[in-house]
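The exercises below ask you to find a few features in the sequence and the 3D structure, and each is followed by a worked solution. Try each task before you read on.

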Amino acid sequence: MIRAANLTKHFKVHKRPPGLAAALRSLVHRTYDVVKAVDGVSFTIARGERVGFLGPNGAGKTTTLKVLSGLLHPTSGEVAVEGHVPYRRQAGFLGKITLVMGQKSQLIWDLPPAETYAMNRAVFDVPRAQWNQTLAELTELLELGPLLDKPTRQLSLGERMKCELAAALLHRPTTLFLDEPTIGLDVAMQAAIRDFVRSYNQRHEATVLLTSHYMDDVVALCPRIIVIDQGKLIHDGDLRQLVKTKDPDKRVSFTLPKAIAPDELGKLGTLLAREGQRLTLRVPEREVPAVIGRLLGELKATDLAIEDPPLEDILREMFGKHKTDPPPEPS
Amino acid sequence: MRSAPSRTLRALPTLLQIGVAETVAYRAEFLVWILTTTQPLIMLGLWTSVAREAPFRGYSSPRFVAYFLATLIVRQLTGNWVAWQMSEEVRSGAMAMRLLRPIHPFFAYAASHAAAIPFRSLIALPVAFVLLASSGQSALSTDPVQLVLLVPSLALAWLATFAMLFAIGALAFFLTQAMAIANLYFGLFSLFSGYLMPLDLLPGPIAVAAHWLPFRFMLSAPVELLTKSLDHERLARLLGGQLAWTATLLAIALALWRAGVRRFESVGG
């Protein structure tokens, strides 16, 4: 279980105007800004939940994950993860959590992943039998077989990410903080990682808190999302409910055998995209059955698809409403 | 979960094994590092030419040979590059991953660097043989007490050097250019440790400073055990000084680490 109450994390950031004079002045007199990277955020995540943690760049997502994993000391507020105060980084706590950062590696660069795994087994004090079983399970699920003995530096990005995930999970943590775990990966690899995370969550009843700029990751994995912007929590709840509340209209796409008059089209819905004879309309949910009936019957439409509005659009609209200048987030 | 000391002890053999694998993997870096620690050979050439005609302040040519070959051996066995490694890990963010492992990084780094010692012995042992063959017993200590004490003295020199460089590495939490401090350290080390010349040859006030500063105990102390004949009182002072400075440097290193991690926790990394 994860609990954050009124969590804040402020950073003092050195500020100086450009130019030589300002650089020299800053040697003797420095001015600082206080950046509120996380500003009074509260939430509770139950054991076994999969939660998407969303926000624009600099919203405070990574900072929050670092506080929850014990790397950062909160400025104020209370945080508890699996009954531990994270920043104390007690061995019992570290054995229960893991942090995967898509842009940072824990694998030893010049050695094969198997060596990092052996090191993690030793430092996490994992019993040999359990380690063998977990490694076999991860090797099968992530198809690591041929990668284990290849130096990390010779792995492709996707291969390395799979090995990173295995390194992060060999001690069988029950809370997973995943920060952009699919960044830079191709679509097939993204899907493989998503499947794996879901499977691990179900097998071990693990809690997953995921940040990702790929909305497909979030839609596929997270029934619940927490959205923050400029360090403040702006939404916490069911993903589908958010979509319904923010934009209840459906996207209806279809291909017509012949052109249709604009006024006729206007009666069906609002045109969002046109590519040749393929059209996408925005249609209020209650009107969808009637519109579908007309499209299939009278207009002989083919390749019909009905979808929820893209999460990206909804989030863009939400962030837009809160936007001034986003605070920089330490990398 | 087991207690921290018990977990650390159980993890050490694996960490040493990984350290060996890393040493072998970083072949080019390892070779370059070995070459950078061959400065005593240059000093050997310089000082033996000074003493070619007549002994220089009590140092004959064979005595200089013995001194600098002993210096090379001790440096090979006790040197490490942990400050550079830590600074790079803080800069790249890899330190965050290290902090999420339930083992104190001091032990993890120490195991990794200790694992390189047998490989450096590959250089040190042939040099030791050359030392024995070229200088013979005339310039080397034959006192069995001194030779026995050489082992703990080398261990203390290694630990003191490691603690000093670990402390400098921990400065990377505070300074973006911690390696400038490492360069300053190396300048002081070269002068006050006996790396450039025997400490007996330093001029008055510098010799006094060298006597009290920690650098002597990181290099010169084992070299003195190898190349001088020391009475029991001097032996006790030498080993006592090594113990005291090693303990002090360890305390400083761990205090700087704690303060550095606190800063890392407050400003991010």
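Begin with the helix α2(A), bearing in mind throughout that this is a predicted model.

**Exercise 1.** Determine which residues of α2(A) are buried, and then state which residue with a positive phi follows the helix.

*Solution.* First locate the helix α2, which covers residues 61-68 of chain A. Next apply the cut-off, by which a residue is buried if 20 or more other C-beta atoms lie within 10 Å of its own. The buried residues turn out to be Lys61(A), Thr62(A), Thr63(A), Thr64(A), Leu65(A), Lys66(A), Val67(A) and Leu68(A). Because 8 of the 8 residues are buried, α2(A) is largely enclosed by the rest of the structure. Finally, look past the helix, where Gly70(A) follows with a positive phi near 95 degrees.

**Exercise 2.** Find how many residues of strand β13(A) are buried, and describe how this strand is joined to β10(A).

*Solution.* Start with β13(A), which takes in residues 302-307. Among its 6 residues the count of buried ones is 0, and the strand is hardly covered. Then turn to β10(A), residues 250-255, which runs antiparallel to β13(A) and is joined to it by 4 bridges. To place one such pairing in the model, take Thr255(A), whose bridge partner in β13(A) is Thr302(A).

**Exercise 3.** For Arg89(A) and Glu143(A), give the phi angle of each, the loop in which each is placed, and whether each is buried, partly exposed or exposed.

*Solution.* Take Arg89(A) to begin with: this residue is not a glycine, although its phi is positive at about 45 degrees. Arg89(A) is placed in the loop between β4 (76-81) and α3 (91-94) of chain A, and with 19 other C-beta atoms within 10 Å it is partly exposed. Glu143(A), also not a glycine, has a positive phi of about 50 degrees. The loop that holds Glu143(A) lies between α5 (128-142) and α6 (157-169) of chain A. With 13 other C-beta atoms within 10 Å, Glu143(A) is partly exposed.

**Exercise 4.** Describe the side of chain B that touches chain A, by its elements and by its kinds of residue.

*Solution.* Begin with the contact itself, in which 26 residues of chain B meet 27 residues of chain A. The elements of chain B that give two or more residues to this side are α1 (4-25), α6 (94-99) and α13 (232-267). The largest share, 10 residues, comes from α1(B). Sorted by kind, the residues on the side of chain B that touches chain A are 16 nonpolar, 4 polar and 6 charged.

Note on methods:
Residues are numbered from 1 along each chain as its sequence is written. Chains are lettered from A and ligands numbered from 1 in the order in which they are written. This is a predicted model: local features need pLDDT of at least 70, side-chain atom pairs count only at pLDDT 80 or more; totals for chains, interfaces and linings use all residues. A residue is buried if 20 or more other C-beta atoms lie within 10 Å of its own, exposed if 12 or fewer, and partly exposed in between; C-beta atoms are placed from the backbone. Two strands pair if DSSP finds at least two bridges between them. Two residues are in contact if their C-beta atoms, placed from the backbone, lie within 7 Å. Ala, Val, Leu, Ile, Met, Phe, Trp, Tyr, Cys and Pro count as nonpolar, Asp, Glu, Lys and Arg as charged, and the others, Gly among them, as polar.
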